[in-house]
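Subject: The structure I mentioned

Hi,

Here is the structure I said I'd pass on. Have a look at it first, and then read on for what turned up.

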Amino acid sequence: MKVAASSLRKGAVVDMEGKLYVVLTVDNIHPGKGTPVTQLNMRRISDGVKVSERYRTTEQVERAFVDQRNHTFLYQDGEGFHFMNPETYDQLVATEDVIGDAAPYLQENMTVQLSTHNDVPIAIELPRTVVLEIVDTEPSVKGQTASSSYKPAVLSNGVKTTVPPYITVGTKVIILTEDNSYQERAKD
């Protein structure tokens with residue numbers, strides 16, 4: 001199935017010359033002069049080689065036929081990351097290469113979209129946001145404005161982000177999974 005290059009998202013699987021690639025990052029570049037382009041950074045599923053391709057935003061890319069279903073994350077061990085299909089209770093094991101930088105965000109019983117090709121996990125799509133707790137951040141400085149100054153913080157999963165000055169240790173916050181950015185304070 002052909003789709004516009006600009007409509008692809010992280011985790012999508014494309015077929016280029018008979019080989020499957022999973023999209024790692026998508027950058028839509030709109031120069032002041034000239035044609036807008038989409039920069040795709042991808043990993044070849046068969047051997048893990050990373051490639052970078054640039055397309056005009058209107059160019060069509062062949063999206064691979066993969067099975068995308070919701071799966072529940074169970075646990076991680078030496079074998080890999082274990083997921084269960086909630087409809088059939090079948091379990092799949094995904095390798096660390098497939099999970100990549102999504103690993104810190106996986107929480108027990110979290111529902112994720114797992115892409116499989118011939119019953120082998122090839123890509124994962126996390127929920128758009130997750131709720132995490134701040135475990136370390138600088139104390140707020142009196143008189144500092146909340147308008148544009150952000151301070152560094154460490155989340156309960158070990159990922160670093162920046163938060164507004166009024167956020168303190170122990171506060172639960174909503175984080176955007178695609179770029180580790182702070183969205184808002186979580187409502188309890």
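How many nonpolar, polar and charged residues are there in the lining of the largest pocket? Keep that in mind while I go through the basics; one caution before anything else is that this is a predicted model.

**Overall**

The protein has 188 residues, of which 38% are buried. Its secondary structure consists of 16 strands and one helix. Taken along the principal axes, the C-alpha atoms fit in a box of roughly 60 × 50 × 25 Å.

**The pocket**

Back to the question: the lining of the largest pocket is made up of 15 nonpolar, ten charged and five polar residues. The pocket itself holds about 630 Å³ of space. Its lining counts 30 residues, and those closest to the centre are Lys10, Gly11, Leu24, Asp101 and Glu178. Three elements each give two or more residues to the lining: strand 3 (19-29), helix 1 (96-99) and strand 11 (120-125). Strand 3 has the largest share, with six residues.

**The four-stranded sheet**

Strand 3 also leads us into a sheet. This one is open, has four strands in the order 2-3-4-5, and pairs in the antiparallel sense. At the edges are strand 2 (13-16) and strand 5 (50-56); each has a single partner strand, so one side of each is left without a neighbour in the sheet. From one strand to the next, the twist averages 40 degrees.

If you want to walk across it pair by pair:

- Strand 2 and strand 3 are antiparallel and joined by four bridges; Met16 has Lys19 in strand 3 as its bridge partner.
- Strand 3 and strand 4 are antiparallel too, with eight bridges between them; here Thr25 is matched with Asn41 in strand 4 as its bridge partner.
- Strand 4 (residues 37-44) pairs with strand 5 over seven bridges, again antiparallel; Val37 is opposite Arg56 in strand 5.

The turn at the start of this sheet deserves a look. Strand 2 and strand 3 form a hairpin with two residues between the strands, and Glu17 there takes a positive phi near 55 degrees. That is a positive value in a residue other than glycine. Is Glu17 buried or exposed? The cut-off for exposed is over 50% relative accessible area, and Glu17 has 82%, so Glu17 counts as exposed.

**The five-stranded sheet**

Further along the chain there is another open sheet. Its five strands come in the order 14-13-12-15-16, with antiparallel pairing. The edge strands here are strand 14 (160-163) and strand 16 (181-185), each pairing on one side only. The twist averages 55 degrees from one strand to the next.

Strand 13 (residues 151-155) pairs with strand 14 in the antiparallel sense, over four bridges. Within that pairing, Val154 has Lys160 of strand 14 as its bridge partner. Lys160 is exposed, at 65% relative accessible area. The C-alpha atom of Lys160 is separated by 9.8 Å from that of Thr137, and the two residues are 23 apart along the chain.

At the other edge, look at the loop between strand 15 (172-176) and strand 16, where Asn180 is found. Asn180 is a residue other than glycine with a positive phi, near 60 degrees. Its relative accessible area is 28%, which makes Asn180 partly exposed.

**The aromatic rings**

Last topic: the ring pairs. The count comes to two aromatic pairs. In one of them, Phe73 and Phe81, the ring centres are 6.3 Å apart and the planes stand at 40 degrees. Why is the pair of Phe73 and Phe81 tilted? Planes under 30 degrees apart would count as stacked and over 60 as edge-to-face; the angle here is 40 degrees, so the pair is tilted. Both Phe73 and Phe81 are buried. Phe83 comes in as well, since ring pairs link Phe73, Phe81 and Phe83 into a cluster.

That's the tour. Shout if you'd like to go through any of it together.

Cheers

Methods
Residues numbered from 1 in each chain as written. Predicted model: local features only at pLDDT ≥ 70, side-chain atom pairs only at ≥ 80, totals over all residues. Heavy atoms only, no water. Pairing = 2+ DSSP bridges. Axes fitted to C-alpha atoms, helices over the stretch in contact; angles between N-to-C directions. 1 Å grid on protein atoms, 1.4 Å probe; cavity = no way out; pocket = protein on both sides within 12 Å on 5 of 7 lines; lining within 4 Å. Points joined across faces, edges and corners; volume = space filled by probe spheres on them. Nonpolar A, V, L, I, M, F, W, Y, C, P; charged D, E, K, R; others polar. Phe/Tyr/Trp six-rings, centres within 6.5 Å; stacked < 30°, edge-to-face > 60°. Buried < 20%, exposed > 50% of the residue type's maximum accessible area, 1.4 Å probe, protein only.
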